[in-house]
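User: Please zoom in on one part for me, the annotated active site, and tell me how it is put together. I'm new to this, and plain words would help.

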Amino acid sequence: MLTEDQAENLAELSEIISVTPSQNHELLTTRSWDFLGLNYQEPSELLQRSNYGEDIIIGIIDTGIWPESRSFSDHGYEVIPPRWKGVCQLGQAWGGTNCSRKIIGARYYAAGLDKASLKLNYMSARDMNGHGTHTASTAAGSVVEGVSLHGLGEGVARGGAPRARLAVYKVVWEEENGQYLTTAAVLAAMDDAIHDGVDILSLSLIADDDSFGALHAIQNGITVVYAGGNYGPRSQVLFNTAPWAITVAASKIDRSFPTTITLGNKQTLIGQSLYYMMKNESNNRFQTLVNGGNCSREALSGTNIKGKVVLCIEITFGPIIKIFEDALANVHSGGASGLIFALYTTDMLVSTEECQGIPCVVIDIDIGFQVLTYIGSQRLPIAKIEPTSSVTGKQVLAPKVAMFSSRGPSIKYPTILKPDIAAPGVNILAATKDAYVFSSGTSMATPHVAGVVALLKALHPQWSHAALKSAIITSATTKDEHGTPILAEALPRKVADPFDYGGGNINPNGAADPGLIYDIDPREYNKFFECQIKKYEICNITTKPAYHLNLPSISIPELRHPIKVERTVTNVGKVDAVYRSDIQSPLGVKIRVEPATLVFNATNKVHTFKASIKPLWKVQGDYTFGSLTWYNEQHTVRIPIAVRITIQDFYADVA
């Protein structure tokens, strides 16, 4: 807590990089790892060769952790790695035994928390919210057999790197009107994590794009993985877009939860929910079905809905969660026995508990109007809702980019293509306190990437952060399980592009053997970082555009004249290898690569090439997308390209 004068005096010290006011920020499995090719029953080569991420230390900066969860059992673990320098900070409901050979460190940061909120929190690393427990178990949870939510999503719950260690840094606190999370707490946690010796930091929250903490962590050999945010499908709503971090989008896996609605005329319709029978609930039976309009208070006024199933149709595109919660509250207050909620494509699923004991089914608008037509044709319309079932496999189109996943381009760094990668983030079943629940968000996608990074670090301990990031991006898949382009949920649904998923959907086994990598000396980031304190090395200002960074992507937000961009690739595959180039130029752009073929051997392990990028049109344009791929018989190394042709400095089209 500083006065303005104190802050100014502090900024003059040579040891200080910058002084910035702390800001408040937001928080943002049984199938997902199998879907990504990391089957545990018949372990993949990556799991075996990395020994399940053994002794890699993942730092979780989040809401804390629930140490008693079965997902954090340390049974069979050896002693804590001697390189670990962290602590087990004691506090409320957290004793020395709550740290273990699995949870090897715990810290909490409560500075600035209002005294009125103390009663809502554990003053310790213990998780009141459940968010941090969920993300930690997704990244590195121990193996737990037979997990489900009342029979739904049944399977083996485990993290991507189930033998990795966890270090917990609690920075998020409960308040009456939400969560309390500040920049200062995140920076303090990062500072401690660097000292403690973590290998990876997973942050399922919104933080400053230009965080010195994240950059400093990466320059100390730590991989930093951030959530991209849940404000999609609009463009330019991406968070955590710093060039040095891995920014994660959310995708759907090959699992759905069909819920059958049977009408009185024996017509059956399918929606989705997480509806399971409560202990005291009687068998499903037909009940009166009524039309509730959009289920606002005004729409339901004068309609008797007590003991009836209510159809709600929402044809606007607004804040879906808020609209649903309002409709549910109104239906509940009227004593309804069920809710059928029709709206445009969404990733929302609600459970029996969230619906306060009544069945809630989400259906498509088209199906909603079929139900509405039935209601209008009957004197006494009735319906029955069956308990949900689980379906997995190729009959479910996957992966797809989630509706809520924030989309690029980055406002702050348009010359850096973001997000970097998409990973499973829809209906992920993972630990929370002593139970397991489904959650969705880029918060859930982020620990999937952190878990994959843990496996890669165990397999390739000599690889830098940039090498790991490159391997993940260049090996990503842009096709679904049927070989067709990945779709992005939006209005309307569309073919996904790099602003939806970066390089594509994460492919862990491909990332383990990428062939070529785009590596970066972490000091290079300094050249692209704007800073007013020129006396410090990190603030080495340059006019060189950031698209000259050796990233596994190219983003040119203003192409007016032909330019050349250099990239350098390092061979990490077979010593003797020949790679040929394949260019998919963005529409209206011509790209040529020199040389078009790269020959690697024992003396030539690194090659630099130039990409000449030329506009074919003179137009105030929009972004178009392409790719540059190096390939041989064993490897396909693909980077995404985004280019916008412009004439004038002012333009309105952005995505």
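Analyst: **Zooming in on the active site**

Let's start from the outside: the accessible surface of the protein comes to about 27,100 Å², and 50% of that belongs to carbon and sulfur atoms (Shrake-Rupley method, 1.4 Å probe; for residues, only the protein chains shown count as cover). Keep in mind that this is a predicted model, where local features need pLDDT of at least 70 and side-chain atom pairs count only at pLDDT 80 or more, while totals for chains, interfaces and linings use all residues. Residues are numbered from 1 along each chain as its sequence is written, and side-chain values use heavy atoms, with hydrogens and water left out.

Going inward, 57% of the 655 residues count as buried (under 20% relative accessible area; exposed is over 50%, partly exposed in between, with a 1.4 Å probe and protein chains only). The protein has 13 helices and 34 strands (DSSP runs numbered from the N terminus: helices are H or I of at least four residues, strands are E of at least two).

Now for your part. An unreviewed UniProt entry gives the annotation "active site" to Asp62, His131 and Ser443 (positions follow the numbering used here, feature names are shortened, and annotations may be inferred rather than shown by experiment). Here's the neat bit: they are spread over 382 residues of sequence, yet they cluster in space, with a largest C-alpha distance of 9.9 Å.

How do they link up? His131 makes a side-chain polar contact of 2.7 Å with Asp62, and the side chains of Ser443 and His131 are joined by another, at 2.9 Å. A polar contact is a pair of N or O atoms within 3.5 Å; within protein, one must be able to donate a hydrogen and the other to accept it, and residues adjacent in sequence count only if both atoms are side-chain atoms.

Where do they sit along the chain? His131 belongs to helix 4 (residues 131-140), whereas Ser443 is in helix 10 (residues 442-459). His131 counts as buried because its relative accessible area is 11%. Ser443 is buried too, at 0% relative accessibility.

For contrast, look at another serine, Ser410, in the loop between strand 20 (400-401) and strand 21 (421-424). With 3% relative accessibility, Ser410 counts as buried. Its side chain has a polar contact of 3.0 Å with the side chain of Thr241, and a polar atom of that Ser410 side chain lies 3.3 Å from the backbone nitrogen of Lys412.
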